[in-house]
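Hi,

Here is the structure I promised to pass on. Could you have a look at the strands before we talk? My notes follow below it.

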Amino acid sequence: MTSDVHTLTIDGTGVVGTADQTVLEVAAEHGIDIPTLCHLDGLSEVGACRLCLVEVDGGHRPALACMTRVEEGMTVTTHNDRLAGYRRNLVQMLFLERNHVCAVCVANRHCELQDLAAELGVTHFDLPAIYPNVGVDASHRLFAIDHNRCIMCTRCVRVCDEIEGAHTWDVMGRGLAARLVTDLGTPWGESDTCTSCGKCVQVCPTGALFEKGRSVAEGAKERRPFLPYLKVRRS
Amino acid sequence: MLLTAITEGRATLGDLRQLEELSAMVAATSLCGLGQTAPNPVFSTLRYFRAEYLSHIEDGTCPAGVCPMVGAETAGVTTTQVNP
């Protein structure tokens with residue numbers, strides 16, 4: 001088993017990890033914070049948000065920390081000006097691709113996208129906004145989804161499939177046309193597979209999935225937040 | 001959109017910088033080969049024809065005589081109005 005243990009350098013610090021661990025996991029264990037939106041402890045990795053990109057051995061093309069296994073002797077840089085620029089642009093594009101207006105969102109001040117924008121210093125947008133009208137599905141008795149606030153991180157898809165075992169959520173379409181769907185596109189309220197467990201609402205990093213009856217003024221999109229490891233980056 | 005602005009003579013040097021920045025970002029952060037190579041036409045034209053980009057932006061002219069440059073005059077009028 002000793003051969004499975006690798007030593008590597010992250011941001012100049014010597015760290016130790018096992019062969020089945022990702023750079024993101026090892027960094028987290030050693031208190032090095034790498035921004036991410038699609039990663040959630042306990043779920044599989046998809047590499048959808050691209051925010052955890054790091055430089056490995058000064059490589060020209062950044063690698064995703066959540067998808068890269070640790071290797072003996074690798075040198076990882078998690079923060080520099082180039083990566084910060086990419087991350088700011090990526091967050092900016094997430095904001096502009098749909099309609100993320102914090103002031104009228106149930107997740108205001110409890111939103112990982114908002115916190116990340118603040119942390120990365122995204123003070124303004126210099127790209128044009130798309131703002132498509134992608135609709136709201138409020139047909140479920142307890143919950144609703146506002147597709148305008150969805151960033152396609154697919155945490156809800158994975159938690160529904162891997163933890164709840166229902167696989168109610170899935171993704172339809174590609175690129176800008178990609179949408180979350182319940183049960184092959186039937187309204188959420190008519191879904192046969194949904195168990196109304198609410199896990200998708202808990203893991204949603206933005207206000208896309210929320211519990212009905214939550215008002216914007218309350219600033220909390222669910223009644224009983226659990227998952228204590230859900231890191232909310234409030235300063 | 002940025003390229004359209006350049007071909008119509010409405011672009012600024014800031015637009016050119018943003019085009020280069022975005023292209024580098026898309027190439028570096030894309031998952032698949034389509035995204036990684038999508039900015040290549042921009043990279044190669046910028047490498048070999050940067051002077052043409054600059055004459056579109058700074059002089060409002062298209063050396064090859066291909067681009068419509070319809071926005072160039074309008075942009076000029078706006079400038080004089082702003083700085084009388």
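One term before the rest: two strands count as paired if DSSP finds at least two bridges between them. Also keep in mind that this is a predicted model.

I started with strand β1 of chain A, residues 5-10. By the definition above, β1(A) pairs with β5(A), residues 75-77, in the parallel sense, with two bridges between them. T9(A) has T75(A) as its bridge partner in that strand.

β1(A) also pairs with β2(A), residues 13-18, but here the sense is antiparallel and there are six bridges. One of the partnerships puts L8(A) with V15(A) of β2(A). The hairpin that these two strands form has two residues between them, and D11(A) takes a positive phi near 50° there.

Which side chains of β1(A) are buried? H6(A), L8(A) and I10(A), which point to one face. V5(A), T7(A) and T9(A) point to the other face and are not buried, so to speak an alternating pattern along the strand. That gives L8(A) a buried side chain and a bridge partner in β2(A), while T9(A), on the other face, is the residue bridged to T75(A) in β5(A).

Then there is an open sheet of three strands in chain A, ordered β6-β7-β10 with antiparallel pairing. Its edges are β6 (136-137) and β10 (209-211), each pairing on one side only. β6(A) is joined to β7(A), residues 143-146, by two bridges, and V136(A) sits opposite D146(A) of β7(A).

Cheers

Terms used:
Residues numbered from 1 in each chain as written. Chains lettered and ligands numbered in written order. Predicted model: local features only at pLDDT ≥ 70, side-chain atom pairs only at ≥ 80, totals over all residues. Heavy atoms only, no water. Buried < 20%, exposed > 50% of the residue type's maximum accessible area, 1.4 Å probe, protein only. Helix = DSSP H or I, 4+ residues; strand = E, 2+ residues; numbered from the N terminus.
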